[in-house]
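Reader: Please present the model and explain the grounds for the terms applied to it.

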Amino acid sequence: LSYLENKRLLKFNFNSETKVTDLLPKYIGDENSWSGLSMIMGPFIDAYQNGYNLLLEDINLACDECLNFIGESIDNGKINVKMQGMQNTEIIMHPDFRLIATQNPNKELNQDFITRFQIIDFPAFDQYELTEIAKGLAKSFNFNTSDQFIHDLIDFHMNWSSKDDDQCFTIREIAATIYKLSDGNNCFDIIMAIYGGRYKKQQKNKLKELFLSYESFKDMKPTEFDYPANFPECFHNKNLEEVYKAVHFKKGHGVIITGTEGSGITQLAKWVAQFHNKQLSTKGKDEFFCVCTEETKCSDFIGSQKPSENRESGQELIVFKQGFLSSAIEQGKWVVLDGFDEVPSTICERLNSLFDEKYDGAQKEVETPKNLEGKPILMDENFCVICTCKIDKISQMSPAFINRFDVIVLENQLENIEEKELRDLISILM
């Protein structure tokens with residue numbers, strides 16, 4: 001809508017830790033200022049006083065204090081701002097200012113706040129709509145195929161989605177599948193990675209049976225698999241092979257490898273990330289690995305404002321220090337976040353927008369909430385995050401976060417092991 005109106009669009013993502021002060025002007029370090037500081041408005045104030053469109057993502061995660069502030073700013077048409085070291089400032093709402101908010105229906109807003117908005121509800125897509133969207137995606141990705149192929153793909157998607165109430169399948173899976181097909185990848189491998197990777201063997205076989213029942217897919221088979229020449233020496237087995245192939249067909253910039261305690265998910269994630277980092281570049285380190293805990297903060301990943309190391313010799317007092325995830329995004333590295341099920345839900349909320357896939361060919365810009373200078377990070381196309389989590393805890397994680405990932409189950413690698421395979425394993429260990 002902003003594009004059609006030729007209006008500038010600013011965005012702000014809410015989470016349960018957002019405070020009113022995050023919406024107000026802030027001081028940042030400035031080496032060109034005599035005080036070592038300067039003030040920036042932030043997206044809310046910037047849009048409010050200059051008449052831009054403002055998109056508030058996940059508005060239902062905002063605290064009551066933030067909702068009250070937003071409501072009063074709309075009703076009064078002005079905001080009184082008091083900053084330390086300056087007089088009260090009155091900011092007047094521009095007549096062209098427009099506020100757009102989005103939310104998933106997992107938490108309702110209070111009625112007093114809701115009455116200030118026109119509510120637009122998006123129902124689930126029906127089969128005809130998904131088919132038309134899939135045709136449009138195929139055309140935009142230059143994937144030439146028949147209408148029957150698209151029809152069978154959507155019918156499979158709808159059919160399987162109706163059989164599983166625990167997993168969430170959306171248009172993201174359809175877009176990812178068509179995008180991978182446009183690169184010439186094997187359709188069977190793609191479906192088993194994007195749809196089947198999240199299941200254990202029994203359920204995965206049911207999915208495979210349904211997929212092969214369609215006329216367009218009945219003769220499809222997996223490609224022969226060989227481990228890359230420089231992949232770490234390890235015990236080659238069917239379960240490991242399926243997970244590695246699924247990681248290769250990641251739908252976006254993130255995958256979650258899950259399994260039981262001791263199944264090897266951490267080691268596998270490290271091997272895959274190290275291998276790809278060495279293949280991509282000699283620049284920088286080859287390992288970006290973080291053990292997540294309940295004490296992990298978003299600033300550990302993205303970065304935060306810290307006192308400048310040059311404050312003795314220069315004017316700049318505070319600077320934004322990148323977190324290791326920000327560095328990996330810029331360098332195009334693969335990152336492992338081990339035990340991601342341990343982090344607070346607020347971390348997932350803040351990282352949601354990081355894993356929204358873009359298919360327009362443009363380089364993605366990542367907003368960094370704590371970087372008060374407002375400079376986005378340009379995401380390298382090779383960047384990828386591998387999260388690990390225990391299989392019995394994945395249901396406790398944010399559904400909105402999970403849905404942005406390919407979930408891949410690593411089953412017991414010693415299950416139904418044959419004598420020759422056992423001898424190979426013993427040889428490797430010795």
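**Grounds for the assignments**

Author: Helix H7 is followed by glycine 184, whose phi is positive, near 85°. This is a predicted model, in which local features need pLDDT of at least 70 and side-chain atom pairs pLDDT 80 or more, while totals for chains, interfaces and linings use all residues. Residues are numbered from 1 along each chain as its sequence is written, and side-chain values use heavy atoms, without hydrogens and water.

Reader: How do you know that the span of H7 agrees with its twelve residues?

Author: A helix is a DSSP run of H or I with at least four residues, a strand a run of E with at least two, both numbered from the N terminus. The expected span is 1.5 Å times one less than the number of residues. For H7 (residues 171-182) this gives 16 Å, and the end C-alpha atoms are 17 Å apart, which agrees.

Reader: What makes residues of H7 buried, and which are they?

Author: Buried means under 20% relative accessible area, with a 1.4 Å probe and protein chains only. Glu173, Ile174, Ala175, Ala176, Thr177, Ile178, Lys180 and Leu181 are the buried residues of H7. They pack against helices H5 (127-140), H6 (147-163) and H8 (187-194); contact means heavy atoms within 4.5 Å.

Reader: Why are S4 and S7 said to pair?

Author: Pairing requires at least two DSSP bridges between two strands. Strand S4 (residues 53-57) and S7 share four bridges in the parallel sense, so they pair. The bridge partner of leucine 55 in S7 is isoleucine 100.

Definitions and conventions: Buried < 20%, exposed > 50% of the residue type's maximum accessible area, 1.4 Å probe, protein only.
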